[in-house]
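Trainee: I've got a model open and I'd like to learn how to read it feature by feature. Could you walk me through it?

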Amino acid sequence: MQSEPPPPQDSTSPCGTEETSVVPHKVEPEVEAAVQAISVLVNQRLSLQPSMTEVQPQILSLESLQNSINELQRGITFRIVELKRFKNQNEVLLHALPPEIFLEILSASIDWPNWNVERNHILAQVCKHWWRTITTVSWFWPEIDVAHGKETTEMILRKNQAGPLVVRCAADGGGHSERVDFMKLAVQHATRWKSLIFKGRLTDELFTLLETPAPMLSELFIYPYNGPDQRQFHLSEGTFLKHLDCDFCTLPWESSRLSNIQSIQIRNLTKDLPSIPQLRNILEASPQLQWLLLASWTDDTQATSPAADTSKGKQVAQSDPQSPIHLPSLETLVLQNIPRDINDYLLTHIDAPLCTCLIAGIRPVSLSSLPPRLSPNQTHPSNTFANLISPAISAAPEIMLSYEEIKGTFRIYSSPEPEVSNEWIHWVKRKPGINFLFHTDKAPGVGSELRHALSGLGLEKAVTLNLIGDGTNPSGEASESPAAASSFPVEALGALPQVTQLFSQRNFRVGDVLKYLSEPMAEDSGSTDSGGSCWPLPQLSTLSLTRWQPASNAKGMLDELLHFGTGRKGDGDGTEDDWVGSLPKRLERLVVPPEVVDAFTEADDTFEGVEIQNVYK
């Protein structure tokens with residue numbers, strides 16, 4: 001059976017109270033007086049023993065008293081807020097700064113390329129001072145975007161009635177009619193345009209609106225697609241462009257506004273290409289240029305593509321005596337699939353000592369007409385080309401070399417490789433490094449041209465060379481026909497004295513390489529200084545080869561290796577004086593197909609002391 005709850009204890013009994021020590025605290029006089037007055041009034045009202053007829057009036061009296069207390073509490077809260085605000089305005093150092101300095105600090109906290117209204121709301125919630133600043137200063141309302149909608153656009157234009165404007169009209173901002181209505185509203189403020197960003201289908205109506213004269217425009221990003229033809233964007237008179245990014249759209253290349261540019265990205269042109277003199281004028285007038293990307297240019301108005309004209313590069317190098325184009329701030333240079341005459345001219349004339357991100361290519365024949373690299377204090381295209389590549393090579397932690405059989409390209413690249421994302425300059429991501437291609441075109445005599453091009457490029461860190469075949473499994477009997485030989489220009493090995501590791505991949509036909517490595521080079525081969533050695537790859541210590549002849553012809557592969565090993569080792573009956581220059585370094589590690597490993601059991605001591613391994617393990 002449950003027991004009854006104990007009776008409440010008398011508050012006067014010893015067990016009803018506990019003695020506790022109370023720490024007195026200072027109370028403001030006006031607060032203490034208000035509390036005492038309220039206590040007296042409450043006690044007076046409660047001390048009266050009401051009759052039945054007096055209950056309702058006392059209820060109303062107490063409710064009135066409660067309302068007065070609430071009003072007093074609200075007044076106290078308001079006063080506390082006012083005092084804190086006064087304290088913030090007079091004691092917070094940030095708010096004590098001159099207004100213009102405070103604006104600069106607040107402005108620096110905003111990610112302007114990714115600005116939106118919500119970010120302003122976050123800053124405005126910090127305090128009243130920040131709210132008042134954010135909502136009244138036009139700086140903080142810089143951009144109208146078709147994706148914001150009409151009401152938000154009109155609100156931003158009310159808050160920013162005189163300041164510069166960023167106009168963003170992208171494909172994700174509604175349909176065609178919404179974009180047209182947005183641009184019609186935007187062109188009313190064209191004299192204030194700072195940036196114009198368009199991405200989407202470019203109709204005649206939209207293009208007419210985009211071409212509205214904008215004298216203050218300093219950033220132009222045009223990326224049309226699904227349009228009928230390439231267009232030419234008209235530039236009215238006005239301030240210099242700071243950032244230029246156009247795709248499938250040309251400009252008046254002789255415009256005075258194409259000066260003092262900091263970044264240039266021009267892609268996908270099919271006609272009205274800038275000429276070399278026009279490009280030179282733009283670059284020379286932009287010494288602060290930090291970013292240059294030219295990609296995917298062809299000229300459909302010509303019978304043949306300029307990129308396929310094999311005479312232009314050589315012609316420019318021979319006939320153009322102009323001095324280098326000095327770009328002391330250029331950090332990123334990307335030249336991909338542009339006409340050869342333009343490509344070769346820029347690579348042999350741009351002087352950019354800070355360029356640590358380089359993605360480009362050239363044909364060795366374009367450099368073969370240049371004399372050997374001159375002393376560094378002399379001005380010459382051969383020096384300019386080497387100096388352009390050197391910063392990216394020097395800045396890379398590791399440099400690799402490779403030759404790809406299918407494409408006929410010799411590549412110099414860094415590890416990690418450079419990366420440049422295809423974005424508007426404010427959003428682009430960049431990873432420094434070098435990816436440079438020499439297009440050999442598998443032409444006869446290109447070996448000496450490539451050796452000439454590689455000489456003096458500062459490739460000391462490039463200790464690994466990869467030879468990449470076409471992946472075709474060798475079949476049939478060994479053949480001496482040209483089809484069975486590799487297209488690799490073996491003479492280029494004379495310019496690589498620093499290479500210590502040689503790898504063949506995807507069944508690269510390595511026979512010609514082994515033969516070339518087995519004997520010293522001729523005295524007039526033009527090899528670079530390799531410590532007194534006239535041997536190709538004199539420091540080679542590791543040789544790794546995939547199958548380059550049919551597996552059934554293990555003896556043929558072994559014979560080629562033995563010839564290579566005997567040549568590099570030298571004739572035991574001869575003396576060192578019989579050789580031209582010093583002997584190359586002895587091989588330390590040899591990796592070959594398994595059938596060749598098995599054949600070594602019956603071989604002589606040519607590779608005695610060399611570690612021999614199976615390439616497929």
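Trainee: Let me start with a single residue: is Asp272 buried, partly exposed or exposed?

Mentor: Keep in mind that this is a predicted model. For a question like yours, take the relative accessible area and see which class it falls in; buried means under 20% and exposed means over 50%. Asp272 has 43%, so it counts as partly exposed. Asp272 sits in the loop between strand 8 and helix 10. Its backbone deserves a look too: phi is near 55 degrees, a positive value in a residue other than glycine.

Trainee: And Asn337, what is its phi?

Mentor: Asn337 also isn't a glycine, and its phi is positive at about 55 degrees. You'll find Asn337 in the loop between strand 11 (332–336) and helix 12. With a relative accessible area of 61%, Asn337 is exposed.

Trainee: Let's zoom out. How many helices and strands does the protein have?

Mentor: There are 18 helices and 23 strands. Of the 617 residues, 43% are buried. To get a feel for how the chain folds back on itself, look at contacts between residues at least 6 apart in sequence: 66% of those join residues at least 24 apart.

Trainee: Now strands. Why would you call strand 8 largely enclosed?

Mentor: Count its buried residues. Strand 8 (residues 263–269) has seven residues and six of them are buried, so the rest of the structure largely encloses it. Then look at who pairs with it. Strand 6 (residues 243–247) runs parallel to strand 8 and is joined to it by five bridges; Leu244 and Ile264 are bridge partners there. Strand 9 (residues 291–297) is also parallel to strand 8, with six bridges joining them, and Ser263 has Trp291 as its bridge partner.

Trainee: Which way do side chains point in a strand?

Mentor: In a regular strand they alternate between the two faces of the sheet.

Trainee: How many residues of strand 4 are buried?

Mentor: Five of the six residues in strand 4 (residues 219–224) are buried, so this strand too is largely enclosed by the rest of the structure. Strand 3 (residues 193–200) runs parallel to strand 4, and six bridges join the two. One bridge pairs Gly200 with Pro224.

Trainee: On to helices. How do the axes of helix 10 and helix 12 cross?

Mentor: For a helix pair, check the approach, the angle and the hand, then see which residues meet. The axes of helix 10 (residues 276–284) and helix 12 (residues 340–347) come within 10 Å and cross at roughly 35 degrees. The crossing is right-handed. From helix 10, Ile276, Leu279, Arg280 and Leu283 take part, meeting Asp341, Ile342, Tyr345 and Leu346 of helix 12. By residue type, that contact has six nonpolar, no polar and two charged residues.

Trainee: Why do the contact residues of a helix come in such spacings?

Mentor: An α-helix has 3.6 residues a turn, so residues three or four places apart point the same way.

Trainee: What span does helix 17 have, and which of its residues are buried?

Mentor: Helix 17 (residues 554–569) has 16 residues and reaches 22 Å from first C-alpha to last, close to the 22 Å expected at 1.5 Å a residue. Its buried residues include Met557, Leu558, Leu561, Leu562 and Phe564. Among the elements covering the buried residues of helix 17 are helix 16 (511–517), strand 21 (542–544), strand 22 (589–592) and helix 18 (594–599).

Trainee: Back to single residues. Is Thr409 buried or exposed?

Mentor: Thr409 is buried, with a relative accessible area of 7%. Thr409 belongs to strand 15 (residues 409–414). Setting aside neighbours within four places in sequence, its contacts include Tyr403, Leu437, Phe438 and His439.

Trainee: Where is Ser421 found?

Mentor: Ser421 is in the loop between strand 16 (419–420) and strand 17 (430–431). At 23% relative accessibility, Ser421 counts as partly exposed. Beyond residues up to four places away in sequence, Ser421 touches Val428 and Lys429. Ser421 and Lys431 are 10 residues apart in sequence and 9.2 Å apart in space, C-alpha to C-alpha.

Trainee: One last backbone check: is the peptide bond from Ser415 to Pro416 cis or trans?

Mentor: Read omega for that one. The bond is cis, with omega near 5 degrees, and Pro416 lies in the loop between strand 15 and strand 16.

Methods. Residues numbered from 1 in each chain as written. Predicted model: local features only at pLDDT ≥ 70, side-chain atom pairs only at ≥ 80, totals over all residues. Heavy atoms only, no water. Axes fitted to C-alpha atoms, helices over the stretch in contact; angles between N-to-C directions. Helix = DSSP H or I, 4+ residues; strand = E, 2+ residues; numbered from the N terminus. Left-handed = near helix turned anticlockwise from the far one by under 90°. Contact = heavy atoms within 4.5 Å. Nonpolar A, V, L, I, M, F, W, Y, C, P; charged D, E, K, R; others polar. Expected span 1.5 Å × (residues − 1). Buried < 20%, exposed > 50% of the residue type's maximum accessible area, 1.4 Å probe, protein only. Pairing = 2+ DSSP bridges.
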